Each structure stands twice: as structure tokens, then as C-alpha cells.
Amino acid sequence: MNSDIPVKILFLAANPTDVSLLRLGQELRDIKQQLRVSKQPGKYQVEQRESVRTGDITQAIFDVEPQIIHFSGHGTNRGELCFENEIGQSQPVEPEALAAMFGLLQGKVNCVLLNACYSEVQAKAIAKYIPYVI
């Protein structure tokens, strides 16, 4: 990878109205601030998508072509990540369904970070296809 080309990070945030409020804007702000004060501030480029619906995920990935995907939101005790539906309420996605999408991205996405409760099941499913899952 050319060191002059920034590493693209796609920040996906979902904060459905029918679950507890998260401070996702603050999380994104903190991430951007830490990248700005890093030793290589121009090395990373952050793109964000908020109020993410399940149909938005693949479009955002194709638009941004990120090497790193960071999801912040809610998860269920069954290991599902929660996105938003058309009216802003929680739309859980089963681990294997989301992992299958990441299977199509092998070799393009290097790292996925999941900041959601109960995301270990989802992380293990994604790790079948993506080298680094946190």
C-alpha cells in the first residue's frame, strides 16, 4: 500500500430511538481528535454514516472503499448488531448475515471494530473473512 494514500476509515453509527441513547457523536469526535494529534495526522481519512439502516451498509462500503470499518451502536444478547429501520427503530441483524456480507469484502477491508454490547458472537463470525476484528 502506498504510504502517501490515506487509510480510509468508515464510521457507521446507529442509535435507534427505541433503545437507550448513546453518545455516538462524541465518540466520533474523540476518534477524529486523536487522529489529528497523532504522529501522522494525514495518514487516516474518516468518513461517517449516521442513522445507518441495513441497506446503507453495502452502499457506504462501495462509496468509501474503506480499509477499516468502525461500527458504533447497540447489540442484542443473541449477538446481533442493531441498525435502524425506516422509522428509526431497532433492526437487529443476525451475525451470519452480516458476516456473509464481509465475506464479499475479503482482501479489501483489513479491520472491523465493533463498539456494541454483546458483539463477540458477531466479531467471531466476521473474523472468518476479515483479518482483524476488534
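1. Let me start with E65, which sits in the loop between α2 and β3; helices here are DSSP runs of H or I with at least four residues, strands are runs of E with at least two, and both are numbered from the N terminus. E65 follows α2 and has a positive phi, near 55°, and this is a residue other than glycine. E65 counts as exposed because its relative accessibility is 55%. On this scale, buried means under 20% relative accessible area, exposed over 50%, and partly exposed in between (1.4 Å probe, protein chains only).

2. A word on the basis of these remarks. The model is predicted, so local features need pLDDT of at least 70 and side-chain atom pairs count only at pLDDT 80 or more, while totals for chains, interfaces and linings use all residues. Residues are numbered from 1 along each chain as its sequence is written, and side-chain values use heavy atoms, with hydrogens and water left out.

3. Y118 also deserves a look. Phi of Y118 is near 60°, again a positive value in a residue other than glycine. Y118 belongs to the loop between β7 and α4, and with a relative accessible area of 54% Y118 is exposed.

4. Now the overall layout. The chain holds four helices and eight strands, and from the N terminus on they run β-α-β-α-β-β-β-β-α-β-α-β. Its C-alpha trace spans about 40 × 30 × 25 Å along the principal axes. The radius of gyration is 14 Å, which agrees with the value near 14 Å that a compact globule of 134 residues would have; the radius is taken over C-alpha atoms, and the globule rule is 2.2 Å times the number of residues to the power 0.38.

5. Some totals to go with that. Of the 134 residues, 43% count as buried. Contacts (heavy atoms within 4.5 Å) reach far along the sequence: among those with a separation of 6 or more, 67% come from residues 24 or more positions apart. The chain exposes about 7,900 Å², and carbon and sulfur atoms supply 50% of this area. The areas come from the Shrake-Rupley method with a 1.4 Å probe; for residues, only the protein chains shown count as cover.

6. On charge, the chain has 13 positive and 15 negative charges, and their mean positions are 7 Å apart. Lys and Arg count as positive and Asp and Glu as negative, with His and the chain ends not counted. Each charge is placed at NZ of Lys, CZ of Arg, CG of Asp or CD of Glu.

7. Helix α2 (residues 54–64) is a nice one to inspect: I57, A60, I61 and V64 are buried there. These residues lie on the same side of α2, because they cover an arc of only 100° around the axis, where the arc is that of the directions from the helix axis to the C-beta atoms. The exposed residues G55 and F62 are carried on the face turned away from the buried side. The buried residues of α2 pack against β1 (7–13), β2 (44–49), β3 (68–72), β5 (81–84) and α3 (95–103).

8. Helix α3 has its own buried set: P95, L98, A99, M101, F102 and G103. Their cover includes α2, β3, β5, β6 (90–93), β7 (111–115) and α4. A97 lies in α3 too, but A97 counts as partly exposed because its relative accessibility is 48%. The C-alpha atoms of A97 and L24 are 24 Å apart, with their positions 73 residues apart along the chain.

9. In strand β6, take Q91, which counts as partly exposed at 33% relative accessibility. Beyond its neighbours within four places in sequence, Q91 is in contact with T54, L81, C82, F83, E84 and N85. Q91 and L104, 13 residues apart in sequence, are 22 Å apart in space from C-alpha to C-alpha.

10. Finally, the region of α4. E120 lies in this helix and is exposed, with a relative accessible area of 53%. The C-alpha atoms of E120 and G79 are separated by 6.8 Å, although the two are 41 residues apart along the chain. A127 is in the loop between α4 (120–126) and β8 (132–133), and A127 counts as partly exposed at 44% relative accessibility. A127 and C111 are 16 residues apart along the chain, and their C-alpha atoms are separated by 9.3 Å.
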